[in-house]
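Reader: Could you walk me through how the labels on this one were reached? I'd like the reasoning, not just the verdicts.

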Amino acid sequence: MPFFSDFKQFAFKGNVIDLAVGVVIGGAFGKIVSALVADMIMPVVALVMPSGDWRTSGFIVRHAVNPKDDVVLRWGDLLGAMLDFLIIALVLFVVVSKIVKAAEGRLVKAPSTPAAKTCPFCLETIPAAATRCKACTSTLEPRP
């Protein structure tokens, strides 16, 4: 039964479970944004468009005997899907950029060594690795 134990080890790894949770949350988030677009934004867009229900708008390519069997290129549906995508992408960009900025703010930065130091005798600025001042030629103690 090594196959089942390998599968169990793979399926219950942290990365796989995190990915599954991310996919489920992403799907739910997509539904929320789609509902926001369909129920709040599209009615406003429909006021501007010449016909009220513009998602059903399209070009009839071929007429059929029964109108429901017509071949239609639905440009309204495509436009609505593109608008859904743009709004979802915008919201995700804002959320992810805020998370990244918050994470960068929490990172502890290691103290950097200074690029220059001041000579204690003449107060001239010299490179940090210098052991002798270029202005007064004093011998300096090296910094650790």
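**Cysteines, rings and a helix**

Author: Happy to. The structure holds zero disulfides, and bear in mind that this is a predicted model.

Reader: What makes Cys119 a cysteine in no disulfide?

Author: The nearest cysteine sulfur belongs to Cys133 and is 3.7 Å away. A disulfide needs the two sulfurs within 2.5 Å, so Cys119 is in no disulfide. Cys136 gets the same treatment: its nearest cysteine sulfur, that of Cys122, is 3.7 Å away, and Cys136 is in no disulfide.

Reader: Why does Cys119 count as buried?

Author: Its relative accessibility is 0%, and buried means under 20%. Cys136 has 26%, which falls between the 20% and 50% cut-offs, so Cys136 is partly exposed.

Reader: Why is the pair of Phe3 and Phe4 called edge-to-face?

Author: Their ring centres are 5.5 Å apart, and the limit for a pair is 6.5 Å. The planes sit at 75°, and over 60 counts as edge-to-face, so that's the label. A search of the whole structure finds one aromatic pair, by the way.

Reader: How do you know that Phe3 and Phe4 are exposed?

Author: Exposed means over 50%. Phe3 has 61% relative accessibility and Phe4 has 53%, so both count as exposed.

Reader: How do you know that the span of helix H3 agrees with what is expected?

Author: H3 covers residues 75-106, which is 32 residues, and at 1.5 Å a residue it should span 46 Å. The end C-alpha atoms are 46 Å apart, so the two agree.

Reader: Which residues in H3 are buried?

Author: Gly76, Gly80, Asp84 and Ile87 are buried there.

Note on methods: Residues are numbered from 1 along each chain as its sequence is written. This is a predicted model: local features need pLDDT of at least 70, side-chain atom pairs count only at pLDDT 80 or more; totals for chains, interfaces and linings use all residues. Side-chain values use heavy atoms; hydrogens and water are left out. Buried means under 20% relative accessible area, exposed over 50%, partly exposed in between (1.4 Å probe, protein chains only). Rings of Phe, Tyr and Trp (its six-membered ring) pair if their centres lie within 6.5 Å; planes under 30 degrees apart count as stacked, over 60 as edge-to-face and the rest as tilted. Helices (H or I, at least four residues) and strands (E, at least two) are DSSP runs, numbered from the N terminus. The expected span of a helix is 1.5 Å times one less than its number of residues.
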